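Subject: Structure for your review

Dear colleague,

Please find below the structure I am handing over to you. I would be grateful if you could read the notes with the structure open in a viewer.

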Amino acid sequence: MRAQIALAAVVSLAPSAHAEPPRPSAVSLTWEAPAGCPSSERILAETDRILAGSTVRTDPPIEARARVRQDGERWLLSLETRRGEVAGSRELEGESCTALGEAMIVILVLMIDPALVPETPPSLEPEPVVEPPPPPPPAPPVVTRPAPPPVEPAGCRWGRPALSLSALGDLGALPGPAGGGELAFGLRRCALGASLAARGLAPRTGEAALDAGAGGDLWLYAAGAALALHADLAGLELAAAAGFEAGAMSGQGVGINNPDSGRALWLAASAGGAIVIPLTARLGARAAVDLVVPLRRPRFVIDDLGAVHRAAAVTGRLALGLELAF
């Protein structure tokens, strides 16, 4: 029985093993202040640190509402406090928001335990203002568009139409030198040109091989197409062309009894050059020289009197006229 009593005494004299609960905060703070001012957490932490050794009851805590604003170079603090039924308010002015926060700590400590007011005012380092990172630039919208058609240089589309009317001279297609006319229409694309033409040679008389008093009148009508390369030189327009023509060569007997007529297909290739001399903005004088190679050389013959005419293997043409550009 004595052993049990001694053991109980030892147990009752042993110190308690658990720690005391932490002291609750003596202030409930609502803090409204611009960026760069001390935070409410730092103000409460500094206040609680100073009051850590206080024996004054803090129940209920002081309800404090503080609002800081800047007026020019001045900083103003509006402080409202309530503890139970007791309420109060103060207006403070300071050189900075941090100074107002330090002064408010002194006021709160003074209201709770004046014996713990520090001789040196508490120091609150101003909190750095952390600027939020700028938002990333928006990604450019992805627009899928069809590839544009190739753009031709100015002046490189089929255009620049021109109409020409020329007097025509020919040597070799008909008996002796022949005259006629030509009407042509052309287009250009940069240096390339294309043209269509209708031309005719007036009748020329050929003599029969066996009778100089007998013979025939022959004439030629044809239509042709040509491609040309153009160049502008010192205000003059030069061209080199190659073309093809098809038509008919016709003949009528003369100086004989019962004269007859005939017609033959005419096919020929040509090559030559031309020059246009401007007279006005749209009108120019045109001259062209061509060598013509007949692909068919029809022969005109009078029975019993022999041949009247056959086109030469190579003939020459000269055209002189006017060209009107549109």
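The notes below begin with the whole chain and then turn to individual elements.

Please bear in mind that this is a predicted model. The chain contains three helices and 14 strands. Of its 326 residues, 32% are buried. Its accessible surface comes to about 20,500 Å², and carbon and sulfur atoms account for 61% of that area. If one takes the contacts between residues at least 6 apart in sequence, 59% of them join residues at least 24 apart.

The first topic is a sheet. Four strands make up this open sheet, in the order 1-2-3-4 and with mixed pairing. Strand 1 (27-32) and strand 4 (86-94) each have a single partner strand, so they stand at the edges and one side of each is left without a neighbour in the sheet. On average, neighbouring strands of the sheet are turned by 15° against each other, direction ignored. Within the sheet, strand 2 (residues 62-71) and strand 3 (residues 74-83) are joined in the antiparallel sense over nine bridges. Arg65 is found opposite Glu80 in strand 3. Helix 3 (residues 97-112) packs on this sheet and touches strand 1, strand 2, strand 3 and strand 4. The direction of helix 3 makes about 20° with that of strand 3.

The second topic is helix 2 (residues 40-50). Its buried residues are Ser40, Ile43, Glu46, Thr47 and Ile50. These residues lie on the same side of helix 2 because they cover an arc of only 135° around the axis. Strand 1 and helix 3 are among the elements that cover them. On the face turned away from the buried side, helix 2 carries the exposed residues Glu41 and Arg49. Helix 3 thus appears in both topics: it packs on the sheet, and it is part of what covers the buried residues of helix 2.

The last topic is a single residue, Asp304. Where does Asp304 sit? Its place is in the loop between strand 12 (299-302) and strand 13 (306-310). Is Asp304 buried or exposed? Its relative accessibility is 77%, and a residue counts as exposed over 50%, so Asp304 is exposed. Along the chain, Asp304 and Ala209 are 95 residues apart, while their C-alpha atoms are separated by 9.8 Å.

With kind regards

Note on methods:
Residues numbered from 1 in each chain as written. Predicted model: local features only at pLDDT ≥ 70, side-chain atom pairs only at ≥ 80, totals over all residues. Heavy atoms only, no water. Pairing = 2+ DSSP bridges. Helix = DSSP H or I, 4+ residues; strand = E, 2+ residues; numbered from the N terminus. Axes fitted to C-alpha atoms, helices over the stretch in contact; angles between N-to-C directions. Contact = heavy atoms within 4.5 Å. Buried < 20%, exposed > 50% of the residue type's maximum accessible area, 1.4 Å probe, protein only. Arc of directions from axis to C-beta. Areas by Shrake-Rupley, 256 points an atom, 1.4 Å probe, with all protein chains shown as cover.
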